Amino acid sequence: MDDSRQDKKKEEYIFGLDIGASKINLFVGISEGENVRVVECGDFPLKNADEYDLVVETLQQAVQVIENSTRVDVRDVYVGIAGQHVRSHSFQGIVTLPAGEVREEDIENVKKQASTVPPSVGEIIHVFPGEYSLDEDLHIRNPKGRTGRRLGVDVQVVTARQNSLQNLAKCINRAGLNVAGFALEPLAAASAVLTNDERELGVALVDIGAASTDIAVFVNDSVRYTWSLNYAGNSITSDISQCLGVPISLSKAEEIKKKYGTCTISNLIEDETFPVPAVGNRGDVPCSRKLLANVISARVHEIFKYLQNDLKKCQVDTLINGGIVLTGGCCALEGIEDIAAKEFGKPVRIGHPKGMTGIQEAYQNPSYATGIGLLYYANMQHRDRKKSETGAQIKVSVKKGFQRVLEFIRTYL
Ligand SMILES: Nc1ncnc2c1ncn2[C@@H]1O[C@H](COP(=O)(O)OP(=O)(O)OP(=O)(O)O)[C@@H](O)[C@H]1O
Ligand SMILES: [Mg+2]
(Lines give C-alpha, C1' and ligand atoms only; values in the text may rest on other atoms or scores of the structure.)
(Ligands and ions follow the chains in the order given, each with its own letter.)
Protein backbone atom coordinates (compact mmCIF):
# COMPACT_ATOMS: atom_id res chain seq x y z
CA MET A 1 0.00 0.00 0.00
CA ASP A 2 1.47 3.43 -0.89
CA ASP A 3 1.93 6.24 1.64
CA SER A 4 -1.07 8.31 0.57
CA ARG A 5 -3.36 5.28 1.05
CA GLN A 6 -1.74 4.63 4.44
CA ASP A 7 -2.47 8.25 5.49
CA LYS A 8 -6.05 7.93 4.37
CA LYS A 9 -6.53 4.92 6.65
CA LYS A 10 -6.62 7.38 9.56
CA GLU A 11 -9.77 8.98 8.17
CA GLU A 12 -13.06 7.25 8.82
CA TYR A 13 -14.40 6.60 5.37
CA ILE A 14 -18.00 5.59 4.77
CA PHE A 15 -19.62 4.38 1.57
CA GLY A 16 -23.17 4.51 0.20
CA LEU A 17 -24.33 2.40 -2.74
CA ASP A 18 -27.60 2.94 -4.60
CA ILE A 19 -28.17 0.37 -7.34
CA GLY A 20 -31.16 1.88 -9.13
CA ALA A 21 -32.93 0.66 -12.24
CA SER A 22 -31.23 3.30 -14.37
CA LYS A 23 -27.93 4.03 -12.62
CA ILE A 24 -25.47 3.03 -9.94
CA ASN A 25 -24.45 5.68 -7.43
CA LEU A 26 -21.35 4.98 -5.37
CA PHE A 27 -20.69 7.79 -2.90
CA VAL A 28 -17.76 8.23 -0.52
CA GLY A 29 -17.76 10.36 2.62
CA ILE A 30 -15.69 10.96 5.73
CA SER A 31 -17.36 10.69 9.11
CA GLU A 32 -16.82 13.90 11.07
CA GLY A 33 -18.88 13.29 14.20
CA GLU A 34 -22.51 14.02 13.40
CA ASN A 35 -21.48 15.45 10.06
CA VAL A 36 -20.35 13.80 6.87
CA ARG A 37 -17.94 15.35 4.43
CA VAL A 38 -18.69 14.18 0.90
CA VAL A 39 -15.46 13.15 -0.81
CA GLU A 40 -16.64 11.71 -4.10
CA CYS A 41 -19.90 11.01 -5.91
CA GLY A 42 -19.93 8.52 -8.73
CA ASP A 43 -22.89 8.25 -11.09
CA PHE A 44 -22.75 5.32 -13.52
CA PRO A 45 -25.61 4.71 -15.97
CA LEU A 46 -27.04 1.19 -16.08
CA LYS A 47 -28.19 0.06 -19.49
CA ASN A 48 -30.25 -2.86 -18.26
CA ALA A 49 -30.75 -3.42 -14.55
CA ASP A 50 -32.36 -6.82 -15.21
CA GLU A 51 -29.12 -8.21 -16.62
CA TYR A 52 -27.26 -9.44 -13.60
CA ASP A 53 -23.82 -9.68 -15.25
CA LEU A 54 -24.13 -6.17 -16.60
CA VAL A 55 -24.92 -4.83 -13.12
CA VAL A 56 -21.84 -6.59 -11.70
CA GLU A 57 -19.69 -5.26 -14.54
CA THR A 58 -20.95 -1.67 -14.08
CA LEU A 59 -20.40 -1.94 -10.34
CA GLN A 60 -16.85 -3.22 -10.84
CA GLN A 61 -16.15 -0.26 -13.12
CA ALA A 62 -17.70 2.10 -10.57
CA VAL A 63 -15.44 0.76 -7.80
CA GLN A 64 -12.38 1.11 -10.00
CA VAL A 65 -13.17 4.69 -11.02
CA ILE A 66 -13.93 5.75 -7.44
CA GLU A 67 -10.84 4.03 -6.03
CA ASN A 68 -8.63 5.65 -8.66
CA SER A 69 -10.00 9.13 -8.07
CA THR A 70 -10.08 9.00 -4.25
CA ARG A 71 -7.15 6.60 -3.68
CA VAL A 72 -9.31 4.97 -1.02
CA ASP A 73 -10.16 1.26 -0.93
CA VAL A 74 -13.91 0.87 -1.16
CA ARG A 75 -14.99 -2.07 1.01
CA ASP A 76 -17.96 -1.96 3.41
CA VAL A 77 -20.88 -0.32 1.67
CA TYR A 78 -24.34 0.62 2.95
CA VAL A 79 -26.81 -0.42 0.32
CA GLY A 80 -30.26 0.98 -0.46
CA ILE A 81 -33.22 -1.34 -0.99
CA ALA A 82 -36.63 -0.57 -2.43
CA GLY A 83 -39.19 -2.13 -4.72
CA GLN A 84 -42.14 -4.44 -4.32
CA HIS A 85 -40.26 -7.09 -2.34
CA VAL A 86 -39.89 -4.56 0.49
CA ARG A 87 -42.91 -4.47 2.79
CA SER A 88 -43.86 -2.78 6.00
CA HIS A 89 -46.01 -4.47 8.64
CA SER A 90 -47.65 -3.23 11.83
CA PHE A 91 -47.23 -5.44 14.87
CA GLN A 92 -48.07 -5.07 18.55
CA GLY A 93 -46.24 -6.38 21.57
CA ILE A 94 -47.27 -6.58 25.21
CA VAL A 95 -45.31 -7.57 28.33
CA THR A 96 -46.05 -7.57 32.06
CA LEU A 97 -43.90 -5.38 34.24
CA PRO A 98 -42.26 -7.47 36.99
CA ALA A 99 -40.95 -4.40 38.83
CA GLY A 100 -44.24 -2.49 38.56
CA GLU A 101 -42.28 0.25 36.81
CA VAL A 102 -41.07 0.57 33.23
CA ARG A 103 -37.33 -0.07 33.00
CA GLU A 104 -35.06 0.12 29.95
CA GLU A 105 -35.04 -3.69 29.73
CA ASP A 106 -38.88 -3.82 29.66
CA ILE A 107 -38.87 -1.43 26.70
CA GLU A 108 -36.33 -3.63 24.93
CA ASN A 109 -38.36 -6.76 25.75
CA VAL A 110 -41.64 -5.39 24.43
CA LYS A 111 -39.98 -4.16 21.21
CA LYS A 112 -38.35 -7.56 20.77
CA GLN A 113 -41.62 -9.37 21.36
CA ALA A 114 -43.47 -7.17 18.84
CA SER A 115 -40.84 -7.70 16.17
CA THR A 116 -40.49 -11.47 16.54
CA VAL A 117 -42.08 -12.43 13.25
CA PRO A 118 -42.15 -15.74 11.35
CA PRO A 119 -39.42 -16.14 8.67
CA SER A 120 -42.15 -16.28 5.99
CA VAL A 121 -42.67 -12.51 6.54
CA GLY A 122 -39.18 -11.88 5.12
CA GLU A 123 -35.83 -10.63 6.32
CA ILE A 124 -36.18 -7.83 8.88
CA ILE A 125 -34.41 -4.66 7.72
CA HIS A 126 -35.72 -2.07 10.21
CA VAL A 127 -37.89 -2.01 13.32
CA PHE A 128 -39.49 1.33 14.18
CA PRO A 129 -41.20 1.56 17.55
CA GLY A 130 -44.27 3.78 17.49
CA GLU A 131 -46.34 4.71 20.53
CA TYR A 132 -46.46 2.80 23.80
CA SER A 133 -49.41 1.96 26.02
CA LEU A 134 -49.32 1.44 29.75
CA ASP A 135 -52.40 -0.38 31.08
CA GLU A 136 -55.26 1.88 29.92
CA ASP A 137 -53.05 4.88 29.02
CA LEU A 138 -52.39 5.17 25.28
CA HIS A 139 -50.17 7.29 22.96
CA ILE A 140 -47.11 7.39 25.23
CA ARG A 141 -43.87 8.34 23.50
CA ASN A 142 -41.46 7.44 26.28
CA PRO A 143 -42.82 5.22 29.05
CA LYS A 144 -39.55 4.84 31.01
CA GLY A 145 -39.97 5.31 34.76
CA ARG A 146 -43.79 5.20 34.75
CA THR A 147 -45.69 2.82 37.00
CA GLY A 148 -48.01 0.13 35.63
CA ARG A 149 -48.68 -3.57 35.12
CA ARG A 150 -48.65 -4.09 31.33
CA LEU A 151 -46.54 -2.32 28.72
CA GLY A 152 -47.61 -2.40 25.06
CA VAL A 153 -46.01 -1.05 21.89
CA ASP A 154 -46.92 -0.63 18.23
CA VAL A 155 -44.01 -1.33 15.92
CA GLN A 156 -43.53 -0.96 12.21
CA VAL A 157 -41.33 -3.70 10.81
CA VAL A 158 -39.78 -3.30 7.37
CA THR A 159 -38.93 -6.59 5.70
CA ALA A 160 -37.43 -7.60 2.37
CA ARG A 161 -37.61 -10.84 0.42
CA GLN A 162 -34.67 -13.00 1.39
CA ASN A 163 -33.66 -14.15 -2.10
CA SER A 164 -33.78 -10.56 -3.44
CA LEU A 165 -31.38 -9.52 -0.70
CA GLN A 166 -29.16 -12.53 -1.34
CA ASN A 167 -28.98 -11.75 -5.06
CA LEU A 168 -28.17 -8.12 -4.36
CA ALA A 169 -25.48 -9.10 -1.85
CA LYS A 170 -24.02 -11.64 -4.29
CA CYS A 171 -23.75 -9.03 -7.00
CA ILE A 172 -22.03 -6.61 -4.58
CA ASN A 173 -19.64 -9.32 -3.35
CA ARG A 174 -18.75 -10.19 -6.94
CA ALA A 175 -17.57 -6.61 -7.35
CA GLY A 176 -15.25 -7.14 -4.35
CA LEU A 177 -17.38 -5.25 -1.81
CA ASN A 178 -18.96 -6.22 1.51
CA VAL A 179 -22.47 -5.24 2.50
CA ALA A 180 -22.15 -3.34 5.79
CA GLY A 181 -25.94 -3.00 5.97
CA PHE A 182 -29.12 -2.53 3.99
CA ALA A 183 -31.33 0.54 4.34
CA LEU A 184 -34.80 1.31 3.07
CA GLU A 185 -34.17 3.82 0.26
CA PRO A 186 -36.83 6.37 1.24
CA LEU A 187 -35.46 6.23 4.82
CA ALA A 188 -32.00 7.08 3.51
CA ALA A 189 -33.35 9.80 1.20
CA ALA A 190 -35.38 11.23 4.10
CA SER A 191 -32.24 11.96 6.10
CA ALA A 192 -30.90 14.01 3.19
CA VAL A 193 -34.02 16.05 2.39
CA LEU A 194 -36.54 16.25 5.25
CA THR A 195 -36.64 19.04 7.81
CA ASN A 196 -37.27 18.46 11.51
CA ASP A 197 -40.58 20.30 11.46
CA GLU A 198 -41.82 18.16 8.56
CA ARG A 199 -40.94 15.01 10.51
CA GLU A 200 -42.61 16.33 13.64
CA LEU A 201 -45.82 17.08 11.76
CA GLY A 202 -45.76 13.85 9.73
CA VAL A 203 -44.50 13.79 6.15
CA ALA A 204 -44.53 11.48 3.12
CA LEU A 205 -41.43 11.05 1.01
CA VAL A 206 -42.16 9.92 -2.54
CA ASP A 207 -39.19 8.74 -4.63
CA ILE A 208 -40.08 8.53 -8.33
CA GLY A 209 -37.27 6.63 -10.00
CA ALA A 210 -37.06 4.67 -13.25
CA ALA A 211 -38.70 1.33 -12.38
CA SER A 212 -40.55 2.10 -9.17
CA THR A 213 -42.14 4.84 -7.12
CA ASP A 214 -41.46 4.30 -3.43
CA ILE A 215 -43.26 6.07 -0.64
CA ALA A 216 -42.63 6.20 3.10
CA VAL A 217 -44.51 8.13 5.76
CA PHE A 218 -42.46 9.49 8.64
CA VAL A 219 -43.58 10.75 12.00
CA ASN A 220 -40.56 11.99 13.92
CA ASP A 221 -37.81 9.41 13.34
CA SER A 222 -40.18 6.53 12.81
CA VAL A 223 -41.42 5.11 9.52
CA ARG A 224 -45.16 4.46 9.83
CA TYR A 225 -45.83 3.11 6.36
CA THR A 226 -44.00 2.21 3.20
CA TRP A 227 -45.17 1.03 -0.19
CA SER A 228 -43.81 0.56 -3.69
CA LEU A 229 -45.53 0.94 -7.02
CA ASN A 230 -44.20 -0.54 -10.27
CA TYR A 231 -44.93 2.63 -12.23
CA ALA A 232 -42.34 5.39 -12.57
CA GLY A 233 -40.12 7.01 -15.21
CA ASN A 234 -39.92 3.88 -17.39
CA SER A 235 -43.73 3.75 -17.59
CA ILE A 236 -43.77 7.38 -18.80
CA THR A 237 -41.14 6.53 -21.42
CA SER A 238 -43.10 3.52 -22.60
CA ASP A 239 -46.32 5.62 -22.86
CA ILE A 240 -44.45 8.16 -24.99
CA SER A 241 -43.16 5.46 -27.32
CA GLN A 242 -46.73 4.19 -27.85
CA CYS A 243 -48.97 7.25 -27.76
CA LEU A 244 -47.50 9.95 -30.01
CA GLY A 245 -48.98 8.54 -33.20
CA VAL A 246 -45.52 7.81 -34.67
CA PRO A 247 -43.59 4.63 -33.84
CA ILE A 248 -40.73 5.58 -31.50
CA SER A 249 -38.14 3.29 -29.89
CA LEU A 250 -37.84 3.34 -26.08
CA SER A 251 -34.42 4.98 -26.21
CA LYS A 252 -35.75 7.75 -28.50
CA ALA A 253 -38.80 8.18 -26.26
CA GLU A 254 -36.50 8.54 -23.23
CA GLU A 255 -34.54 11.23 -25.06
CA ILE A 256 -37.74 13.08 -26.06
CA LYS A 257 -39.06 12.92 -22.49
CA LYS A 258 -35.91 14.55 -21.12
CA LYS A 259 -35.66 17.16 -23.87
CA TYR A 260 -39.27 18.22 -24.46
CA GLY A 261 -41.25 16.65 -21.62
CA THR A 262 -43.22 18.73 -19.12
CA CYS A 263 -46.27 18.39 -16.89
CA THR A 264 -47.18 22.07 -17.28
CA ILE A 265 -49.50 22.09 -20.27
CA SER A 266 -50.69 25.68 -19.73
CA ASN A 267 -47.20 27.11 -20.42
CA LEU A 268 -47.03 25.62 -23.91
CA ILE A 269 -47.66 27.59 -27.07
CA GLU A 270 -50.77 26.28 -28.87
CA ASP A 271 -49.15 24.71 -31.96
CA GLU A 272 -45.68 24.05 -30.56
CA THR A 273 -44.08 20.96 -32.09
CA PHE A 274 -40.82 19.05 -31.83
CA PRO A 275 -39.16 16.88 -34.47
CA VAL A 276 -39.34 13.08 -34.25
CA PRO A 277 -37.24 11.06 -36.67
CA ALA A 278 -39.49 8.77 -38.72
CA VAL A 279 -38.58 5.08 -38.92
CA GLY A 280 -36.16 4.08 -41.71
CA ASN A 281 -34.42 7.46 -42.11
CA ARG A 282 -37.49 9.04 -43.74
CA GLY A 283 -36.80 12.46 -42.25
CA ASP A 284 -38.42 14.18 -39.26
CA VAL A 285 -42.11 14.23 -38.37
CA PRO A 286 -43.45 17.14 -36.27
CA CYS A 287 -45.09 16.08 -33.04
CA SER A 288 -47.27 18.18 -30.72
CA ARG A 289 -45.65 19.17 -27.41
CA LYS A 290 -49.12 19.48 -25.92
CA LEU A 291 -49.83 15.86 -26.80
CA LEU A 292 -46.51 14.84 -25.21
CA ALA A 293 -47.34 16.82 -22.06
CA ASN A 294 -50.79 15.20 -21.91
CA VAL A 295 -49.29 11.70 -22.20
CA ILE A 296 -46.78 12.44 -19.41
CA SER A 297 -49.30 14.16 -17.12
CA ALA A 298 -51.81 11.32 -17.46
CA ARG A 299 -49.27 8.80 -16.16
CA VAL A 300 -48.03 11.14 -13.43
CA HIS A 301 -51.63 11.74 -12.25
CA GLU A 302 -52.18 7.99 -12.22
CA ILE A 303 -49.04 7.31 -10.14
CA PHE A 304 -50.05 9.84 -7.47
CA LYS A 305 -53.65 8.63 -7.50
CA TYR A 306 -52.51 5.06 -6.75
CA LEU A 307 -50.35 6.30 -3.88
CA GLN A 308 -53.11 8.46 -2.42
CA ASN A 309 -55.61 5.58 -2.61
CA ASP A 310 -53.24 3.29 -0.74
CA LEU A 311 -52.48 5.93 1.90
CA LYS A 312 -56.23 6.24 2.47
CA LYS A 313 -56.80 2.48 2.45
CA CYS A 314 -54.11 2.05 5.12
CA GLN A 315 -55.47 5.07 7.04
CA VAL A 316 -52.12 6.84 7.11
CA ASP A 317 -53.14 9.87 5.03
CA THR A 318 -54.24 11.60 8.24
CA LEU A 319 -50.69 11.35 9.63
CA ILE A 320 -49.31 13.59 6.87
CA ASN A 321 -49.68 17.13 8.20
CA GLY A 322 -46.27 18.34 7.06
CA GLY A 323 -46.92 17.70 3.35
CA ILE A 324 -45.23 15.64 0.66
CA VAL A 325 -41.59 15.74 -0.46
CA LEU A 326 -40.67 14.37 -3.89
CA THR A 327 -37.28 12.89 -4.81
CA GLY A 328 -35.95 10.79 -7.72
CA GLY A 329 -35.05 11.53 -11.32
CA CYS A 330 -38.65 12.22 -12.43
CA CYS A 331 -38.64 15.41 -10.33
CA ALA A 332 -36.92 16.98 -13.35
CA LEU A 333 -40.34 17.05 -15.06
CA GLU A 334 -41.51 20.63 -14.82
CA GLY A 335 -44.76 20.98 -12.86
CA ILE A 336 -44.73 17.46 -11.36
CA GLU A 337 -45.19 18.94 -7.87
CA ASP A 338 -48.41 20.70 -8.97
CA ILE A 339 -49.94 17.40 -10.07
CA ALA A 340 -48.87 15.81 -6.78
CA ALA A 341 -50.43 18.69 -4.81
CA LYS A 342 -53.71 18.20 -6.69
CA GLU A 343 -53.83 14.43 -6.12
CA PHE A 344 -52.73 14.43 -2.48
CA GLY A 345 -54.52 17.64 -1.53
CA LYS A 346 -51.45 18.67 0.49
CA PRO A 347 -48.47 20.99 0.06
CA VAL A 348 -45.71 19.42 -2.04
CA ARG A 349 -42.08 20.34 -2.54
CA ILE A 350 -39.10 18.86 -4.38
CA GLY A 351 -36.40 17.48 -2.05
CA HIS A 352 -32.84 18.55 -2.83
CA PRO A 353 -30.17 16.76 -0.76
CA LYS A 354 -28.36 19.24 1.45
CA GLY A 355 -26.66 19.75 4.76
CA MET A 356 -23.39 17.92 4.04
CA THR A 357 -20.13 19.65 3.33
CA GLY A 358 -18.47 18.94 0.04
CA ILE A 359 -21.50 18.02 -2.14
CA GLN A 360 -20.91 19.43 -5.60
CA GLU A 361 -23.83 21.40 -6.99
CA ALA A 362 -24.60 18.74 -9.63
CA TYR A 363 -25.33 16.25 -6.86
CA GLN A 364 -27.69 18.54 -4.93
CA ASN A 365 -30.33 17.09 -7.17
CA PRO A 366 -33.37 14.98 -6.17
CA SER A 367 -32.03 11.98 -8.19
CA TYR A 368 -29.14 11.70 -5.75
CA ALA A 369 -31.16 12.00 -2.52
CA THR A 370 -30.90 8.25 -1.89
CA GLY A 371 -27.13 8.08 -2.50
CA ILE A 372 -26.43 11.11 -0.30
CA GLY A 373 -28.90 9.83 2.30
CA LEU A 374 -27.08 6.50 2.40
CA LEU A 375 -23.98 8.37 3.55
CA TYR A 376 -25.99 9.88 6.43
CA TYR A 377 -27.31 6.43 7.26
CA ALA A 378 -23.81 4.91 7.04
CA ASN A 379 -22.49 7.62 9.36
CA MET A 380 -25.22 6.98 11.91
CA GLN A 381 -24.53 3.24 11.91
CA HIS A 382 -20.78 3.83 12.04
CA ARG A 383 -21.20 6.09 15.09
CA ASP A 384 -23.54 3.63 16.82
CA ARG A 385 -21.09 0.80 16.22
CA LYS A 386 -18.19 2.86 17.56
CA LYS A 387 -20.25 3.80 20.62
CA SER A 388 -21.14 0.18 21.35
CA GLU A 389 -17.53 -0.93 20.74
CA THR A 390 -16.32 1.74 23.18
CA GLY A 391 -19.02 0.58 25.62
CA ALA A 392 -17.88 -3.02 25.20
CA GLN A 393 -14.23 -2.00 25.68
CA ILE A 394 -15.10 -0.12 28.87
CA LYS A 395 -17.03 -3.18 30.09
CA VAL A 396 -14.09 -5.44 29.23
CA SER A 397 -11.60 -3.18 30.99
CA VAL A 398 -13.89 -2.87 34.04
CA LYS A 399 -14.18 -6.67 34.06
CA LYS A 400 -10.41 -7.05 33.64
CA GLY A 401 -9.82 -4.52 36.40
CA PHE A 402 -12.19 -6.41 38.66
CA GLN A 403 -10.44 -9.71 37.87
CA ARG A 404 -7.09 -8.12 38.66
CA VAL A 405 -8.44 -6.97 42.04
CA LEU A 406 -9.69 -10.52 42.70
CA GLU A 407 -6.32 -11.98 41.67
CA PHE A 408 -4.59 -9.45 43.94
CA ILE A 409 -6.87 -10.39 46.86
CA ARG A 410 -6.31 -14.13 46.22
CA THR A 411 -2.53 -13.70 46.00
CA TYR A 412 -1.91 -11.37 48.89
CA LEU A 413 -4.58 -11.98 51.45
N1 LIG B 1 -34.81 15.69 -17.36
C2 LIG B 1 -35.64 14.66 -17.12
N3 LIG B 1 -36.93 14.72 -17.51
C4 LIG B 1 -37.76 13.68 -17.28
N5 LIG B 1 -37.42 12.54 -16.67
C6 LIG B 1 -36.15 12.43 -16.27
C7 LIG B 1 -35.21 13.46 -16.45
N8 LIG B 1 -34.02 13.07 -15.94
C9 LIG B 1 -34.22 11.82 -15.45
N10 LIG B 1 -35.49 11.44 -15.65
C11 LIG B 1 -36.08 10.13 -15.34
O12 LIG B 1 -35.81 9.75 -14.01
C13 LIG B 1 -35.74 8.32 -13.95
C14 LIG B 1 -34.49 7.93 -13.20
O15 LIG B 1 -34.59 8.39 -11.89
P16 LIG B 1 -33.67 7.80 -10.73
O17 LIG B 1 -32.26 8.05 -11.06
O18 LIG B 1 -34.19 8.34 -9.45
O19 LIG B 1 -34.03 6.25 -10.89
P20 LIG B 1 -33.31 4.96 -10.32
O21 LIG B 1 -32.89 5.19 -8.92
O22 LIG B 1 -32.26 4.50 -11.27
O23 LIG B 1 -34.52 3.92 -10.40
P24 LIG B 1 -35.32 3.16 -9.26
O25 LIG B 1 -35.33 4.06 -8.06
O26 LIG B 1 -36.67 2.95 -9.83
O27 LIG B 1 -34.57 1.89 -9.02
C28 LIG B 1 -35.72 7.80 -15.37
O29 LIG B 1 -36.96 7.26 -15.73
C30 LIG B 1 -35.42 9.05 -16.17
O31 LIG B 1 -36.02 9.02 -17.44
MG1 LIG C 1 -33.82 5.06 -7.05
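**Figure 1. The shell around ligand 1, to which H8 gives the most, with three residues.** This close-up comes from a predicted model. Altogether, 21 residues surround ligand 1. Look for Gly20, Gly209, Gly233, Gly329 and Ala332, which are the closest. Helices H7 and H8 each supply at least two residues of this shell. Sorted by class, the shell holds seven nonpolar, 10 polar and four charged residues. Ligand 1 lies between domain 1 (1-85 + 161-193 + 353-402) and domain 3 (195-351), because both domains give residues to the shell.

**Figure 2. The crossing of helix H7 and helix H8.** Here we stay with two helices that also appear in the shell around ligand 1. H7 covers residues 233-243 and H8 covers residues 250-260; their axes come within 8 Å and cross at roughly 105 degrees. The two helices are therefore roughly perpendicular. On the H7 side, the residues that take part are Ile236, Thr237, Ser238, Ile240 and Ser241. They meet Leu250, Ala253, Glu254, Ile256 and Lys257 in H8. The residues of this contact divide into five nonpolar, three polar and two charged.

**Figure 3. Where domain 2 touches domain 3.** The domain assignment of the chain gives domain 1 (1-85 + 161-193 + 353-402), domain 2 (87-158) and domain 3 (195-351). Taken over C-alpha atoms, the centres of domain 2 and domain 3 are separated by 38 Å. The contact itself pairs seven residues of domain 2 with five residues of domain 3. On the domain 2 side, strand S6 (123-134) and strand S8 (150-160) each supply at least two residues. S6 has the largest share of that side, with four residues. The side of domain 2 that touches domain 3 is made up of three nonpolar and four polar residues, with no charged ones.

**Figure 4. Helix H5, a buried helix.** H5 runs over residues 185-193, and nine of its nine residues are buried, so the helix is largely enclosed by the rest of the structure. To follow the helix in the view, start at Glu185 and Pro186, then continue through Leu187, Ala188, Ala189 and Ala190 to Ser191, Ala192 and Val193. For the chain as a whole, buried residues make up 38% of the 413 residues.

**Figure 5. Two residues with positive phi, histidine 139 and glutamine 315.** Most residues other than glycine have a negative phi. Histidine 139 is not a glycine, yet its phi is positive, at about 55 degrees. This histidine sits in strand S7 (residues 137-140). Histidine 139 is exposed, with 9 other C-beta atoms within 10 Å. Glutamine 315, also not a glycine, has a positive phi of about 55 degrees. Its place is in the loop between helix H9 (289-313) and strand S15 (324-327). Glutamine 315 is exposed too, with 9 other C-beta atoms within 10 Å.

**Figure 6. The setting of the close-ups, the chain with its 11 helices and 16 strands.** Use this view to find your way back from the details. Along its principal axes, the C-alpha trace spans about 105 × 65 × 40 Å. Among the contacts with a separation of 6 or more, 67% come from residues 24 or more positions apart.

Note on methods:
Residues numbered from 1 in each chain as written. Chains lettered and ligands numbered in written order. Predicted model: local features only at pLDDT ≥ 70, side-chain atom pairs only at ≥ 80, totals over all residues. Buried ≥ 20, exposed ≤ 12 C-beta atoms within 10 Å, placed from the backbone. Axes fitted to C-alpha atoms, helices over the stretch in contact; angles between N-to-C directions. Parallel < 35°, antiparallel > 145°, perpendicular 65-115°, else oblique. Contact = placed C-beta atoms within 7 Å. Nonpolar A, V, L, I, M, F, W, Y, C, P; charged D, E, K, R; others polar. Domains from an automatic or database assignment. Near = placed C-beta within 6 Å.
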